[in-house]
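Biologist: I'm new to reading models like this one. Could you walk me through it, feature by feature?

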Amino acid sequence: ETATLLQLFSNYATAMRKSDRFEDALYWYDKCLAANPDDANCHASIGFTFHLMQRWRALLYYDDANII
């Protein structure tokens, strides 16, 4: 059930990102990351969201996604 809930959060975050609602997307990706800090996909998704926002923090999350 927890995995299903995390997938729901991730899917919702992705929908927010695709709607250019980046801050909302980051909120929901953070929920996923809090529940599963080793999720490389979540790190990559946060990195991509920051990339779309043209923020250098994207590099940190991309790096975390590669390490995990």
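Modeller: Let's begin with confidence, since this is a predicted model. Confidence in the protein chain is lowest in helix H4 (residues 58-67), with a mean of 74. At the other end of the scale, helix H2 (residues 22-35) has the highest, at 95.

Biologist: And what does the protein chain average for pLDDT?

Modeller: The average is 88, and 96% of the residues score at least 70.

Biologist: Okay, helices next. How far apart are the end C-alpha atoms of helix H3, and what span should its 13 residues have?

Modeller: Here you count residues and compare with the model. Helix H3 covers residues 40-52, and at 1.5 Å a residue its 13 residues should span 18 Å. The end C-alpha atoms are 18 Å apart, so the expected span and the model agree.

Biologist: Which residues of H3 are buried?

Modeller: First the general idea: an α-helix has 3.6 residues a turn, so residues three or four places apart point the same way. Now the case here: the buried residues of H3 are Cys 42, His 43, Ser 45, Ile 46, Gly 47, Thr 49 and Phe 50.

Biologist: What caps the N-terminal end of H3?

Modeller: That's Asp 39. One of its side-chain oxygens lies 2.9 Å from the backbone nitrogen of Asn 41.

Biologist: And what happens just after H3?

Modeller: Look at Gln 54 there, which takes a positive phi of about 60°. Gln 54 is a residue other than glycine, and its place is the loop between H3 and H4.

Biologist: Is Gln 54 buried or exposed?

Modeller: The cut-off for exposed is over 50% relative accessible area. Gln 54 has 75% relative accessibility, so it counts as exposed. For a sense of distance, Gln 54 and Tyr 29 are 25 residues apart along the chain, and their C-alpha atoms are separated by 18 Å.

Biologist: Which residue in the loop between H1 and H2 should I look at?

Modeller: Try Asp 20, which sits in that loop. Asp 20 has a positive phi of about 60° although it is not a glycine. Asp 20 is also exposed, because its relative accessible area is 56%.

Biologist: What about residues inside helices? Where does Leu 8 lie, for example?

Modeller: Leu 8 lies in helix H1. With 52% relative accessibility, Leu 8 counts as exposed. Leu 8 and Met 53 are 45 residues apart in sequence, and in space they are 23 Å apart, C-alpha to C-alpha.

Biologist: And how does Asp 63 count by relative accessibility?

Modeller: Asp 63 is found in helix H4. Its relative accessibility is 42%, so Asp 63 counts as partly exposed. Asp 63 and Met 16 are 47 residues apart in sequence and 23 Å apart in space, C-alpha to C-alpha.

Biologist: Last topic: pockets. What volume does the largest pocket have?

Modeller: About 160 Å³. To read a pocket, ask about its lining next. The residues that line the largest pocket are Ala 3, Leu 6, Gln 7, Ser 10, Cys 32, Asn 36, Asp 39, Asn 41, Cys 42 and Ser 45. You've already met Asp 39 as the cap of H3, and Cys 42 and Ser 45 among the buried residues of H3.

Biologist: Which helix gives the most to that lining?

Modeller: Helix H1 does, with four residues. H1 (2-18) and H3 each supply at least two residues of the lining.

Biologist: And what classes of residue make up the lining?

Modeller: Four are nonpolar, five are polar and one is charged.

Note on methods:
Residues are numbered from 1 along each chain as its sequence is written. This is a predicted model: local features need pLDDT of at least 70, side-chain atom pairs count only at pLDDT 80 or more; totals for chains, interfaces and linings use all residues. Side-chain values use heavy atoms; hydrogens and water are left out. The expected span of a helix is 1.5 Å times one less than its number of residues. Buried means under 20% relative accessible area, exposed over 50%, partly exposed in between (1.4 Å probe, protein chains only). A polar contact is a pair of N or O atoms within 3.5 Å; within protein, one must be able to donate a hydrogen and the other to accept it, and residues adjacent in sequence count only if both atoms are side-chain atoms. pLDDT is the predictor's confidence in each residue, from 0 to 100. On a 1 Å grid over the protein atoms alone, a cavity is a set of points where a 1.4 Å probe fits but cannot get out, and a pocket is an open set with protein on both sides within 12 Å along at least five of seven lines; lining residues have an atom within 4 Å of a point. Grid points are joined across faces, edges and corners, and a volume is the space filled by probe spheres set on the points. Ala, Val, Leu, Ile, Met, Phe, Trp, Tyr, Cys and Pro count as nonpolar, Asp, Glu, Lys and Arg as charged, and the others, Gly among them, as polar.
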